[in-house]
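Work through the exercises below with the model open beside you. Try each task before reading its solution.

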Amino acid sequence: MLELQRFLYGSTFLLCISLGSLLFGVVISEIPLGSKLSVGENNSWVSSSGDFAIGFYSRPDMPNQFSVGIRFNSKSIPVDKRTMLWVAGGGVAVSNNSYLELQMNGELVLFDAVQGQEVWSSKTSQLSIAVASLRNDGNFILLNEKKDVIWQSFDYPTDTLLPGQRLSPLTTLRAASQNGVSSFYSLYMNVSGQLQLRWESSIIYWSTGGPSQSNLSAILTSDGTLQLLAPTPRPVWSAYGEDHNDTVKFRFVRLDVDGNLRLYSWVDDSQTWRSVWQAVENQCNVFATCDQGGICTFNTSGSPVCTCLFRRVTHSNTKCLVSSQHDCKPRSTLVEHANMVLYGIYPVNDYITITSLDKCKRTCLRDSSCTAVTFTNDGSAKCRMMKTWYISGYSDPSLSSTSFVKMCSDPIAADPILPWKSLPQARKESYNICIPCLVGAASGTIFVFVVIQLAMGFYFYKRRNTYKRLASLAYSSPGSKCLTMLSFTEIKDLTENFNHQIGPKMFKGTLPDNQPVAIKELEAAIDARKFRAALSKVGSIYHKGLVKLEGYCCELDRRYLVYEYADNGSVEKYIEDSTLAVRLTWRKRMEICLSVGRAIFYLHSGCREFLCHGNLKCENVVLDENLEAKVNEFGLGMLYGEASSNMASAQKDVEGFGKMVLTLVSGFKEANDVFEWAYKEWFEGHPENVVDKRLKDEVVPEELERVLRISFWCLQADERVKPSMGEVVKVLEGTLPVDPPPPPFSCQRSTREEEDSSELGSQSET
């Protein structure tokens with residue numbers, strides 16, 4: 001089932017390529033400046049061999065949306081099998097009547113007709129581009145007058161590598177998005193020369209291994225070999241396809257939507273793409289391969305399938321989630337699943353201890369937040385405890401692990417009265433006429449009829465007033481990247497004339513489908529063109545730790561942003577309110593730190609383009625209905641045209657994160673003297689004094705030491721020693737040790753230095 005789903009999704013792109021592109025493809029060796037491709041004309045640029053073409057195609061996961069990319073175009077491959085190989089902007093979608101143009105200044109630009117702006121460009125306007133060409137190897141290149149390659153699509157891969165295309169260190173392949181949501185799966189080459197398959201940048205479930213070596217690159221050869229090459233002639237690592245050295249005209253390596261890396265070859269006899277190698281042999285070993293669809297198992301034919309073994313929660317029809325145990329009356333029980341491994345995926349923070357099977361089960365039963373445990377009976381005696389509804393895993397008879405899922409064991413209700421026991425009495429009483437009953441029934445009927453008439457009148461009245469709003473607010477899908485443009489009148493309607501303020505310049509609103517949203521008012525001085533350009537980048541970002549931007553208003557001098565609504569408000573509100581602070585247990589505070597850290601790390605390194613938050617603090621971290629943390633108002637610096645280097649912006653976020661962590665640990669508002677006091681207490685061996693007094697005896701000393709150390713490192717005045725967000729996340733996860741930090745005082749050092757310098761100056765004058 002998983003194999004079929006993966007293949008069908010990849011093929012869906014092919015089915016959406018119009019046959020018209022065959023009629024309007026233009027074979028030209030060189031593409032002059034001023035050339036244009038458009039959705040409406042359905043034209044394309046074709047390589048001189050005719051094997052490759054670049055043009056628009058419709059998005060099967062986003063109705064009435066299009067992307068532009070390179071695909072196979074050979075006549076030997078049927079139209080519905082012509083795979084997409086590269087997509088401009090990593091899959092950015094545009095509307096009808098949009099176009100791709102090689103402008104006269106040498107810049108390749110993708111223009112969205114509805115937004116009225118550029119949504120992607122090659123950024124080559126200053127590089128003296130003279131001509132473009134689609135080569136016979138599938139590489140789209142921009143050249144100068146000397147025919148030097150200045151820009152090439154091979155340097156910006158999406159999910160595919162072609163023969164001869166290199167994957168350099170710190171470069172990423174990302175699986176295709178689904179329903180407008182970016183995939184969590186990526187292929188990454190680290191600085192040590194290892195290829196890694198990762199889920200959400202934190203889980204590595206496959207790597208090439210071997211000794212660390214720099215200056216490596218991955219390349220697919222024409223004979224069907226994926227290699228890691230060093231400056232030396234011999235490859236460091238190789239993976240061979242089943243048809244290695246066979247005569248095959250077309251090959252490619254693709255990171256599929258199911259998280260597996262595969263090498264494909266075209267088979268002329270069967271007219272199909274054949275997988276001749278895959279990185280992870282057992283598909284169930286791909287982390288979260290079923291996502292929220294249950295447990296990965298194999299059917300009788302040996303194909304992987306997803307099976308839901310848990311009770312589904314009432315608000316979900318498609319997700320296989322473990323039921324919440326908070327309402328169990330009077331107790332819970334554990335349901336055993338032999339030969340099964342389970343793990344949490346949202347968030348990935350399972351608790352692993354070394355203990356016995358019985359203690360592992362008892363620990364879960366005593367912990368109200370525990371949803372499942374897995375005991376590994378292979379000699380390691382590991383007990384993995386999960387505290388999330390979102391659980392995945394795999395099952396196989398060869399596994400020595402046993403898993404237990406917590407379920408409510410409510411008492412059985414009393415036997416209902418059988419209908420035939422009261423039948424004689426009912427039949428006897430049915431002949432008696434009850435006058436008061438008839439009068440009451442008639443009165444009730446009249447009352448209900450009047451209420452229905454009034455309700456219908458009110459419904460049609462509301463429908464008439466909101467019809468236009470319904471039309472303009474129709475979202476294509478819950479996970480869509482498309483931002484909705486709203487008028488100021490619609491913003492006023494959504495907020496009931498700004499009647500529900502939930503924060504500084506922040507208002508609660510309700511969409512016509514009753515979906516709550518948070519609406520942020522911005523300064524009117526923001527240039528409209530820059531505003532829309534920035535939103536096209538921010539609005540395309542999706543991460544479970546980031547608040548989703550739903551829409552915006554850019555009308556005259558009014559600027560508003562429409563965000564998804566977080567039911568429980570900001571973390572700052574919980575810190576300030578003693579009653580609410582009790583809900584932020586030590587475990588929850590550590591989860592917030594890790595969630596925020598991962599979200600900021602994603603902004604810095606997981607997006608196609610570096611993005612900083614710029615104003616990270618507890619006020620801009622909100623909590624959803626499950627008290628899961630999400631970062632809000634990221635990327636606003638782009639709206640105001642703030643320019644700084646990536647390094648400086650990243651360090652600002654790191655410092656903001658350190659302050660936020662100390663605020664969560666101590667319960668005090670952000671203040672310079674608080675940070676200095678916290679470091680002094682820690683340095684003198686009293687870290688427990690830093691902890692919020694409202695917390696019970698639930699603090700884990702090892703976690704406290706780790707989180708204090710990394711927060712002090714984040715606050716270092718010397719920017720050269722500050723950690724990256726990737727290092728911060730690893731420390732919080734416990735996978736990277738952290739040394740004792742020197743005194744930070746980043747907030748005060750510059751002030752003291754100025755005071756010292758002024759004092760020295762005055763002394764010299766005297």
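The exercises go from the whole chain to its disulfides and then to a pair of helices.

This is a predicted model, where local features need pLDDT of at least 70, side-chain atom pairs count only at pLDDT 80 or more, and totals for chains, interfaces and linings use all residues. Residues are numbered from 1 along each chain as its sequence is written, and side-chain values use heavy atoms, with hydrogens and water left out.

**Exercise 1. The whole chain**

Task: Find how many helices and strands the chain has, and what share of its residues is buried.

Solution:
- Start with the elements. The chain has 16 helices and 42 strands. Both are DSSP runs numbered from the N terminus: helices are H or I with at least four residues, strands are E with at least two.
- Turn to burial. Of the 766 residues, 50% are buried. Buried means under 20% relative accessible area, exposed means over 50%, and partly exposed lies in between (1.4 Å probe, protein chains only).
- Finish with contacts, meaning heavy atoms within 4.5 Å. Take those between residues at least 6 apart in sequence: 58% of them join residues at least 24 apart.

**Exercise 2. Three disulfides**

Task: For the disulfides of C284, C290 and C308, find the partner of each.

Solution:
- Fix the term. A disulfide is a pair of cysteine sulfur atoms within 2.5 Å. The structure holds five disulfides.
- Take C284. Its partner is C296, with the sulfur atoms 2.0 Å apart. The torsion about the S-S bond is -75 degrees, and this link of C284 and C296 is left-handed. C284 sits in the loop between strand 25 (272-278) and strand 26 (295-298), while C296 is in strand 26, so the pair ties together parts 12 residues apart in sequence. Both C284 and C296 are buried.
- Take C290. Its partner is C306, and their sulfur atoms are 2.1 Å apart. This link of C290 and C306 is also left-handed, at -95 degrees about the S-S bond. C290 lies in the loop between strand 25 and strand 26, and C306 in strand 27 (residues 304-307), 16 residues apart. C290 is buried at 6% relative accessibility, whereas C306 is partly exposed at 23%.
- Take C308. Its partner is C320, with sulfur atoms 2.0 Å apart. The torsion about the S-S bond of C308 and C320 is about 85 degrees, so this disulfide is right-handed. Both C308 and C320 lie in the loop between strand 27 and strand 28 (332-338), 12 residues apart. C308 is partly exposed, with a relative accessible area of 25%. C320 is buried, with 1%.

**Exercise 3. A cysteine without a bond**

Task: Which cysteine sulfur is nearest to that of C618, and is C618 buried or exposed?

Solution:
- Look for the neighbour. The nearest cysteine sulfur belongs to C593, 8.5 Å away, and C618 is in no disulfide.
- Check burial. C618 counts as buried, at 5% relative accessibility.

**Exercise 4. A glutamine in the loop**

Task: Locate Q292, then find its C-alpha distance to C308.

Solution:
- Q292 is in the loop between strand 25 and strand 26.
- Q292 counts as buried, at 16% relative accessibility.
- Q292 and C308 are 16 residues apart in sequence, and their C-alpha atoms are 9.2 Å apart in space.

**Exercise 5. Two packed helices**

Task: Describe how helix 10 packs with helix 14, and list residues that meet there.

Solution:
- Set the geometry. Helix 10 (residues 586-606) and helix 14 (residues 701-714) pack at about 35 degrees, with axes 12 Å apart. Axes are lines fitted to C-alpha atoms, for helices over the stretch in contact; angles run from 0 to 180 degrees between N-to-C directions.
- List the meeting residues. W586, R587 and M590 in helix 10 meet E703, L704 and V707 in helix 14. By class, this contact of helix 10 with helix 14 has four nonpolar, no polar and two charged residues. Ala, Val, Leu, Ile, Met, Phe, Trp, Tyr, Cys and Pro count as nonpolar, Asp, Glu, Lys and Arg as charged, and the others, Gly among them, as polar.
- Check burial. In helix 10, 19 of the 21 residues are buried. In helix 14, 10 of the 14 residues are buried, including E703, L704 and V707.
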